[in-house]
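I am opening a notebook on a structure that is new to me. I will look up a few places and write down what I find.

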Amino acid sequence: FLELTSTQEWGLPPRVAWDEPQRCRLLAGTVPAQVPLCRRNLELMPSVARAAAATKSACQGAFAAARWNCSSIERAPAFAPDLRRGTRESAFVHALAAAAVAHGIARACASGELPLCSCASSPAEEPAPGSRWGGCADNVRYGLQLGAAFADSTLVSGKAGRQASQAVRLHNSAVGRQVLSDSLETKCKCHGVSGSCSVKTCWKGLRSLADIASDLKAKYLAAIKVTHRLLGPRKQLVPKDTATRLVQETDLVYLANSPDYCTVNPQLGSLGTHDRQCNKTSAGSDGCDVLCCGRGYNTYTEEVLERCHCKYRWCCYVACRTCRRTVQRHVCK
Ligand SMILES: *[C@@H]1O[C@H](CO)[C@@H](O)[C@H](O)[C@H]1NC(C)=O
Ligand SMILES: *[C@@H]1O[C@H](CO)[C@@H](O)[C@H](O)[C@H]1NC(C)=O
């Protein structure tokens, strides 16, 4: 469903537009498997399209400081090889996309946007002492159920030769949904005389997609390379390196090694890091040594304008002056 990122008009919320089933035919060229799904769930399509856009920005946010910065996702539906070859990067994107569509639907239910679902019912567990269940819980069950239909729909058809990549994709989508349901947390609001918090109303809500992306990034770093082969009666995903522990349901898995993304290589979907801005003092992935792959960097100074000397004025605004400051920037050679 990530293909929807490319169809700008799908991302916009005018719900009226979705009354016409013909609009689903727009999908025929890119994701034919989704046309019937679209017709059956017209009212979900704005949430699904928003989830595709949210996947893109959460992915770019999580990888802004890395050599691979998730920019090829913008070329959807013409995915570059970094996202087609069954690499670690595509594992991350598939898991995040599956989480995002379920997240979007769960939230849309709670906000009253959808006719067929609403807030989730209160949890069976006892509320914490001094609080009671109330508010409106994100409808994760509905989100997971319908989200799976969308995230996995492009997979239904396919040739036998693609069995391995489909198995990997299904596995990684399930990991994304697991991380999403684990991200449900109790949120509370205080009531009572002058903020005394003598009464607390609590509900179960999802963490932000950016938080989920950062959990998935940790799994991306620890992802396991696998092959799809017979293990007992059926084919399973088993670690390529036999010394590695068995694949768990919480591990991201991939089939093909990634390049180091240091230099341009269109065949591998690598854009290289030439001209990327790096941080001279950081020891992390945005540090100049790591980001520039040892090629060194150029430094230039830039003048930035900032608001400064801000003062509160009676009544009621803040007045600031504009200051100039020179900053040094470093870009990879
Ligand atoms: C990601 O890196 C590429 C290649 O260096 C660059 O052209 C692009 O602007 C970067 N994208 C983002 C979102 O930072
Ligand atoms: C560079 O990295 C250092 C250390 O991690 C950090 O404190 C600083 O804010 C970073 N600078 C920029 C411009 O991001």
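The entries below go through the disulfides, some backbone angles, a surface patch, a buried serine and a ligand.

**Entry 1. The model**

I note that this is a predicted model.

**Entry 2. Disulfides**

How many disulfides does the structure hold? I find 10. I looked up three of them, given here in sequence order.

I began with Cys119 and Cys136, which form a disulfide with their sulfur atoms 1.9 Å apart. The torsion about this S-S bond is -100 degrees, and the link is left-handed. Cys119 sits in the loop between α5 (88-110) and β1 (131-133), and Cys136 in the loop between β1 and α6 (140-151), so the bond ties together parts that are 17 residues apart in sequence. For accessibility I wrote down 33% for Cys119, which is partly exposed. Cys136 also counts as partly exposed, with a relative accessibility of 24%.

Next I took the disulfide between Cys262 and Cys293, where the distance from S to S is 1.9 Å. Its torsion about the S-S bond is about -95 degrees, so I entered this disulfide as left-handed. Cys262 belongs to the loop between β6 (253-254) and β7 (264-265), while Cys293 belongs to the loop between α9 and β10, so the pair ties together parts that are 31 residues apart in sequence. Is Cys262 buried or exposed? I have Cys262 as buried, because its relative accessible area is 10% and the limit for buried is under 20%. Its partner Cys293 is partly exposed, at 24%.

The third is the disulfide that joins Cys310 to Cys320, at 2.1 Å from S to S. Here the torsion about the S-S bond is about 110 degrees, so the disulfide is right-handed. Cys310 lies in strand β10 and Cys320 in strand β11, so this pair ties together parts that are 10 residues apart in sequence. I noted Cys310 as partly exposed, with 43% relative accessible area. Cys320 is partly exposed too, with 26%.

**Entry 3. Cysteines with a positive phi**

I came back to Cys293 for its backbone. Its phi is near 55 degrees, a positive value in a residue other than glycine. The loop that holds Cys293 runs between α9 (288-291) and β10.

Cys70 is not a glycine either, and its phi is positive, at about 65 degrees. I located Cys70 in the loop between α3 (45-62) and α4 (81-84). Is Cys70 buried or exposed? Its relative accessibility is 0%, so Cys70 counts as buried.

**Entry 4. The loop between β10 and β11**

I then went to the loop between β10 (297-313) and β11 (317-332), where I found Trp314. Trp314 counts as exposed, because its relative accessibility is 78% and the limit for exposed is over 50%. Which residues make the nonpolar surface patch? I listed Tyr312, Trp314 and Val318, and the patch has an area of about 450 Å².

Cys316 is found in this loop between β10 and β11 as well. The peptide bond that joins Cys315 and Cys316 is cis, and I wrote down an omega of about 25 degrees.

**Entry 5. Ser270**

I looked up Ser270 and found it in strand β8, residues 270-271. Ser270 counts as buried, at 3% relative accessibility. What does its side chain reach? A polar atom of the Ser270 side chain lies 2.7 Å from the backbone oxygen of Thr263. The Ser270 side chain also reaches the backbone nitrogen of Gly272, at 3.4 Å.

**Entry 6. Ligand 2**

Which residues surround ligand 2? I listed Asn279, Thr281 and Ser282. A polar side-chain atom of Asn279 lies 2.4 Å from an oxygen atom of the ligand. Ligand 2 taken alone exposes 360 Å², and the protein buries 25% of that.

How values were computed:
Residues are numbered from 1 along each chain as its sequence is written. Chains are lettered from A and ligands numbered from 1 in the order in which they are written. This is a predicted model: local features need pLDDT of at least 70, side-chain atom pairs count only at pLDDT 80 or more; totals for chains, interfaces and linings use all residues. Side-chain values use heavy atoms; hydrogens and water are left out. A residue is near a molecule or strand if one of its heavy atoms lies within 4 Å of it. A polar contact is a pair of N or O atoms within 3.5 Å; within protein, one must be able to donate a hydrogen and the other to accept it, and residues adjacent in sequence count only if both atoms are side-chain atoms. Accessible areas come from the Shrake-Rupley method with a 1.4 Å probe; for residues, only the protein chains shown count as cover. Patches are made of residues with over 30% relative accessible area and no salt bridge: like charges are joined within 9 Å, nonpolar side chains (Val, Leu, Ile, Met, Phe, Trp, Tyr) within 5 Å. A salt bridge is a side-chain nitrogen of Lys or Arg within 4 Å of a carboxyl oxygen of Asp or Glu. Helices (H or I, at least four residues) and strands (E, at least two) are DSSP runs, numbered from the N terminus. Buried means under 20% relative accessible area, exposed over 50%, partly exposed in between (1.4 Å probe, protein chains only). A disulfide is a pair of cysteine sulfur atoms within 2.5 Å.
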